[in-house]
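Here are my notes on the model you sent over, set out as numbered points. I hope they are handy to have beside the viewer.

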Amino acid sequence: MPCLVVATGPDAGGTVPLLPGRWVTVGRDPRCDLAISDASLSRRHLRVRQDRERVTDIDNLPGWLTTVTVRLCLDRLRARIPSPVDPDEVQAPAAPDPADDVVLADTVGVALQAVLDRLSPAERVAFVLHDSFAVDFPTIAAILGRSPEAARKLASRARGKLAQPVDPDGRADAVVVDAFLAAARQGDFASLLELLAPDAVVVGDAAAVEVGTPARIEGRQAVAEMFDGGAAAALPVYVEERPGAAWFHRGQPRVAFDFTVHDGLVHRIDFRAGPELLAGLRRRRS
């Protein structure tokens, strides 16, 4: 039966039997085949003095000891007293590996670049200077050549874009678009056919047709033949927040390639050359 060690005098010790099934066991006598340290710890925290007044007031000594023990445990937990640890068992923390710091820095850099790619150049400047380096808006406005109110709006717009979750389908669409552009540049006709839907179509708006794009091309074979070996001057961009591409001439976008992707296949490519659309294009990493 479990037994509780109780000090009945300055040097004396005794045991009080606990009822079977008790969920709290404070300590055990060394005769119960446990470490002597457990018994000494119990003596230290539970010391019952054998005086007549105290003993006569306790009707259920095992229950009283259990209550006292629980309260002592709660006090110990609240005080967050650490458990005794053998100094010989304490291991010194391992020295940090410089290679881990380099890997962490590279990972953070790539993640930060991926986040900032969602912003336009002006938004990026306003957001980084103000939110990261606490540069005031009049100074940012002077750098960007805009008014302080416009610089403030750029930073606010950047925060709004960064707060939006990244669409996983958008990331998948970007992979398809980049693979299509790579196959077009390399002249990989077979890969172009694999990336195009059977009913793929290319449509050009009025402004794009004036620049020289075709008005309409239908069918996987015809679209693949058009892009085979082309798109050398096409760079990855966001077209109204969708992954696409744009043909640049002397550093300026002339025609945007607006891709419609479903289930990993390109179903439609719109050539768009409206001035407002071209002004809102944002470069992205392929």
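Where is the place of E240? Let me begin there; please keep in mind throughout that this is a predicted model.

1. **E240 and E241.** E240 sits in the loop between β5 (234–239) and β6 (242–249), and E241 lies in the loop between β5 and β6 as well. Both deserve a look in a backbone plot: E240 has a positive phi of about 50 degrees although it is not a glycine, and for E241, also not a glycine, phi is positive at about 70 degrees. With a relative accessibility of 45%, E240 counts as partly exposed, because it falls between the 20% and 50% cut-offs.

2. **A salt-bridge network.** E240 comes up again in the charged contacts, since a network of salt bridges links E240, R242, D258 and R272. The count of salt bridges comes to ten. Another of the pairs is R216 with E218, whose side chains meet at 2.6 Å, N to O. E218 is exposed, at 53% relative accessibility.

3. **How α5 and α7 cross.** As a reminder, two packed helices are described by the angle between their axes and the distance between the axes. The axes of α5 and α7 come within 8 Å and cross at roughly 95 degrees. That angle falls in the range from 65 to 115 degrees, so α5 is roughly perpendicular to α7. On the α5 side the contact is made by A122, E123, A126, F127, H130 and D131, and on the α7 side by A151, L154, A155, R157, A158, R159, K161 and L162. The residues of this contact of α5 with α7 divide into eight nonpolar, one polar and five charged.

4. **R157 with E123.** Which side chain does R157 meet in a salt bridge? The partner is E123, at 3.6 Å from N to O. R157 belongs to helix α7 and E123 to helix α5 (residues 121–133), so this pair ties together parts that are 34 residues apart in sequence. The two ends have their own surroundings: R157 is partly exposed, with a relative accessible area of 45%, while E123 is buried, with a relative accessible area of 2%.

5. **R159 with D131.** A salt bridge also joins R159 and D131, and the closest N and O atoms are 2.9 Å apart. Here too the pair links distant parts of the chain, with R159 in helix α7 and D131 in helix α5, 28 residues apart. R159 is partly exposed, at a relative accessible area of 33%, and D131 counts as partly exposed at 35%.

6. **How α6 and α7 cross.** Helix α7 (residues 148–163) has a crossing with helix α6 (residues 137–144) too: their axes come within 8 Å and cross at roughly 95 degrees. α6 and α7 are therefore roughly perpendicular to each other. In this contact, F137, P138, I140, A141 and L144 of α6 meet P148, A151, R152, L154, A155 and R159 of α7. These residues divide into nine nonpolar, no polar and two charged. R159, the salt-bridge partner of D131, is among the α7 residues that meet α6.

7. **The phenylalanines.** Five aromatic pairs are counted. In one of them, F227 and F257 have ring centres 6.2 Å apart and planes at 80 degrees, so the pair is edge-to-face. F227 is in helix α11 (residues 220–227) and F257 in strand β7 (residues 252–262), so the pair ties together parts that are 30 residues apart in sequence. Are these two rings' residues buried or exposed? F227 is buried, with a relative accessible area of 4%, and F257 counts as buried at 9%. One aromatic cluster is formed by F180, F227, F257, F259 and F271.

8. **A279.** To finish, have a look at A279, which lies in helix α12 (residues 275–279). A279 counts as exposed, at 67% relative accessibility. A279 and Q252 are 27 residues apart in sequence, and their C-alpha atoms are 9.6 Å apart in space.

How values were computed: Residues are numbered from 1 along each chain as its sequence is written. Side-chain values use heavy atoms; hydrogens and water are left out. Helices (H or I, at least four residues) and strands (E, at least two) are DSSP runs, numbered from the N terminus. Buried means under 20% relative accessible area, exposed over 50%, partly exposed in between (1.4 Å probe, protein chains only). Axes are lines fitted to C-alpha atoms, for helices over the stretch in contact, and angles run from 0 to 180 degrees between N-to-C directions. Angles under 35 degrees count as roughly parallel, over 145 as roughly antiparallel, 65 to 115 as roughly perpendicular and the rest as oblique. Contact means heavy atoms within 4.5 Å. Ala, Val, Leu, Ile, Met, Phe, Trp, Tyr, Cys and Pro count as nonpolar, Asp, Glu, Lys and Arg as charged, and the others, Gly among them, as polar. A salt bridge is a side-chain nitrogen of Lys or Arg within 4 Å of a carboxyl oxygen of Asp or Glu. Rings of Phe, Tyr and Trp (its six-membered ring) pair if their centres lie within 6.5 Å; planes under 30 degrees apart count as stacked, over 60 as edge-to-face and the rest as tilted.
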